[in-house]
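Reader: I'd like a close look at one part of this model, please. Could you walk me through the place where the two chains meet?

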Amino acid sequence: MSDSEITPGGPHIEAPSLPPFTINPITLASYPPGTPVKRSGGKVAAALATSAAAATIVGLTAKHAGAGERVYVQFGGLLTLTTEQWDGITDGSGGLTEGAYYYVSDADAGELTATPPSGGAGHYVAPVGIAWSPEAMLILPQAPIVSAG
Amino acid sequence: MSDTQIRPGIGSGGLSGGTVVSRTLPPTALAPVAASSGLPHGLPVCRSGGKVTAAAADGSANAASVVGLLTTPTIAGERAIMQFTGLVTLTTEQWDIVAGTSGGLVEGTQYYLNDGGGLTASVLAGGSYIAPVGVAWSSTALLLLPQAPIPTTP
């Protein structure tokens, strides 16, 4: 199964009703909603901010999907989950902190942190989005840069 | 009043997203509640207290975290329209108010969040945050691409 078939604007659109700012690639593994994912091996996989490549995200998973299945990945706009779902992604409690930027974690693959990674080489700052509320994130993915030492 | 009602896109509950209050709202815009009245068109705003308010580069990191630009006037406690990406087109006079320019934006120039709010073409220093907001597409249009604020050394 090639996910090039569902590239928006491509010749074979399987899901013409994709919501705005959403793509539908195949996932390497099963991830919970809100997982930051990168592109790898023709699929998407959990991101980790320990290298530029691993921290270059294409979006956040918007729904659960099994390994090898298509997953909805949102690369812009508001993503709304439960506070419990966000807590699982941020290792926090009570959901997201309104107004705060979230970054790809450099400690746990597929997680987010409100504290920009630091420590220099091997620790990348990859902004993902701003918490709109405890339940919603405005996704604004940005290129990773190596953190200050 | 909760502005989560107007979210476009998808949520955990399904692909249709939340309840759409304004069906004509473009996918690049949201309709949050404004914290105060009289905020001008094109003003960069941040998120605070369940509302949007003027962002500023010389405040906290959250205050420098731009969620978008206002595209309608604001009345305190009521909804305004805010665009969070894409081209924002205003009159040159409106940009001049927000960016301190004359004759509108300078095409091709990167604009940043300014100290005290609004936009500037200058890269700030001295303890302020560098928060890129967008690139001038023309004198009347800004390609809005807000980025995370970067602290500078005081």
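How many salt bridges are there between chain A and chain B?

Author: Sure, let's start there: the count between chain A and chain B is one salt bridge (a side-chain nitrogen of Lys or Arg within 4 Å of a carboxyl oxygen of Asp or Glu). B:Arg47 and A:Glu98 form it with their side chains, at 3.7 Å from N to O. Before going on, some ground rules: this is a predicted model, where local features need pLDDT of at least 70, side-chain atom pairs count only at pLDDT 80 or more, and totals for chains, interfaces and linings use all residues. Residues are numbered from 1 along each chain as its sequence is written, chains are lettered from A and ligands numbered from 1 in the order in which they are written, and side-chain values use heavy atoms, leaving out hydrogens and water.

Now for the whole contact (heavy atoms within 4.5 Å): chain A brings 28 residues and chain B brings 31. Together they bury about 2,300 Å², with 68% of that on carbon and sulfur atoms; buried area is the accessible area (1.4 Å probe) that two parts lose on being put together, summed over both. On the chain A side, A:Leu78, A:Glu98 and A:Trp132 lose the most area to chain B, together 28% of what that side buries. So A:Glu98, the salt-bridge partner of B:Arg47, turns up in that trio too.Polar contacts (pairs of N or O atoms within 3.5 Å; within protein, one must be able to donate a hydrogen and the other to accept it, and residues adjacent in sequence count only if both atoms are side-chain atoms) link five residue pairs across this interface, both residues at pLDDT 80 or more.
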